[in-house]
Amino acid sequence: MRHIFERFVALGSITDLFRELGEQGVTTKSWTTRTGKARGGRPLDKNYLYKLLNNRTLIGEMKSGDQWHAGAHEPIVPADLWGNAHALLDDRHRPKKRASNMQCDFLLKGPVFGSDGRAYSPWRSSVRNGRSYAYYVSQSKIAAGSAASELPRCPAGELEAVIVEYLRGQLRAPASWLGSLLESVQQHPHYEEAAVLAMLANVDAVWDMLVLDVRRELVQTTVQRVTIGTDKVSISLDLDGVGQVVLDLLKGLSPKLVAAAS
């Protein structure tokens with residue numbers, strides 16, 4: 001346990017520590033039950049390392065209720081080593097000052113998955129030399145390191161550009177799905193196919209002038225799922241969401257969109 005703290009302080013990186021311990025074949029504690037079944041001995045992952053580095057029993061404390069108190073056992077990790085490790089951990093969680101021209105709000109939060117079924121999460125690198133980079137990263141890579149999956153880490157701007165172009169293409173040419181909208185949409189008293197086609201086309205035409213919040217709402221409402229494979233990206237449309245957008249346009253419930261589509 002102490003060795004892991006020492007190596008974390010020396011390396012300054014959970015990722016580098018995870019990689020080094022994996023190369024050394026370090027695993028979780030293993031034991032055999034009374035019935036002869038083997039337990040533990042699993043490869044470490046980053047979640048395990050974070051829990052270990054935050055385990056205060058290693059510095060001689062015991063938890064009572066919500067409070068930690070001095071225990072009767074001897075500490076395994078010295079206080080100064082613990083302090084150095086937690087200075088690094090605290091620095092990782094401290095809000096970083098980002099350069100104003102690098103501020104980035106993710107358009108996709110929730111519908112992105114890998115072909116292995118694991119979710120992709122928004123991730124932003126630390127600020128270095130005034131620059132920060134945004135990605136969508138597979139949970140497999142987050143939990144077990146970059147070598148755990150062949151699925152790519154996707155630059156946020158590039159992936160979002162693909163999704164937006166797909167969605168705008170659907171707005172420009174909705175013939176393949178327009179007739180599949182819910183009856184409640186098609187039977188709206190103001191529903192006329194020609195008018196709806198024109199409104200959708202106009203939303204596409206002024207897309208770049210829409211404020212970020214409106215663009216994000218459109219993407220989140222109308223994109224059902226994005227699946228990232230090793231060599232392609234698949235996108236599916238949420239027809240219920242698209243239908244709601246059409247209804248909002250017809251009813252005038254989304255003034256910003258109505259203004260854009262007018």
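These questions and answers walk through a predicted model, its sheets, a hairpin, a helix pair and two single residues.

Me: Which strands stand at the edges of the sheet with the order 5-9-10?
Reply: This open sheet has three strands, and its pairing is mixed. An edge strand has a single partner strand, so one side is left without a neighbour in the sheet. The edge strands are strand 5 (112-114) and strand 10 (233-237).

Me: What does the twist of that sheet average from one strand to the next?
Reply: The sheet is open and runs in the order 5-9-10. From one strand to the next, the twist averages 20°.

Me: In strand 10, which residue stands opposite Arg-225?
Reply: Strand 9 covers residues 223-228 and pairs with strand 10. The sense is antiparallel, over five bridges. Opposite Arg-225, in strand 10, stands Ser-236.

Me: Which helix packs on this sheet, and what angle does its direction make with that of strand 10?
Reply: The helix touches strand 5, strand 9 and strand 10. It spans residues 156-172 and is helix 6. Its direction and that of strand 10 make an angle of about 40°.

Me: Is Glu-61 buried or exposed?
Reply: Glu-61 lies in strand 3, residues 61-64. Its relative accessibility is 16%. The cut-off for buried is under 20%. Glu-61 therefore counts as buried.

Me: Which side chain makes a polar contact with that of Glu-61?
Reply: Leaving out residues up to four places away in sequence, Glu-61 touches Trp-68, His-69, Ala-70, Gly-71 and His-73, among others. A polar contact of 2.7 Å joins its side chain to another. The partner is Arg-56.

Me: Which residue in the turn between strand 3 and strand 4 has a positive phi?
Reply: Strand 3 pairs with strand 4 (residues 67-70) in the antiparallel sense, over four bridges. Ser-64 has Gln-67 as its bridge partner in strand 4. The two strands form a hairpin with two residues between them. The positive phi, about 70°, belongs to Gly-65.

Me: Where is Ala-173, and how far in space is it from Leu-200, C-alpha to C-alpha?
Reply: Ala-173 sits in the loop between helix 6 and helix 7 (175-178). With a relative accessible area of 49%, Ala-173 is partly exposed. Ala-173 and Leu-200 are 27 residues apart in sequence. In space, their C-alpha distance is 9.0 Å.

Me: Is helix 10 parallel, antiparallel, perpendicular or oblique to helix 11?
Reply: Helix 10 (residues 212-222) packs with helix 11 (residues 239-251) at about 135°, and the axes are 7 Å apart. Over 145 degrees would count as roughly antiparallel, and 65 to 115 as roughly perpendicular. The angle therefore makes helix 10, relative to helix 11, oblique.

Me: How many charged residues are in the contact of helix 10 with helix 11?
Reply: Helix 10 contributes Leu-218, Thr-221 and Thr-222. Helix 11 contributes Gly-241, Val-242 and Val-245. By class, three residues are nonpolar and three polar, and the number charged is none.

Me: Which residue in strand 7 stands opposite Tyr-120?
Reply: An open sheet of three strands has the order 6-7-8 and antiparallel pairing. Strand 6 (120-124) and strand 8 (154-155) are at its edges, each with a single partner strand. Five bridges join strand 6 to strand 7, residues 134-138. Opposite Tyr-120 stands Ser-138.

Terms used:
Residues numbered from 1 in each chain as written. Predicted model: local features only at pLDDT ≥ 70, side-chain atom pairs only at ≥ 80, totals over all residues. Heavy atoms only, no water. Pairing = 2+ DSSP bridges. Axes fitted to C-alpha atoms, helices over the stretch in contact; angles between N-to-C directions. Contact = heavy atoms within 4.5 Å. Buried < 20%, exposed > 50% of the residue type's maximum accessible area, 1.4 Å probe, protein only. Polar contact = N/O pair within 3.5 Å; in protein donor to acceptor, adjacent residues only side chain to side chain. Parallel < 35°, antiparallel > 145°, perpendicular 65-115°, else oblique. Nonpolar A, V, L, I, M, F, W, Y, C, P; charged D, E, K, R; others polar.
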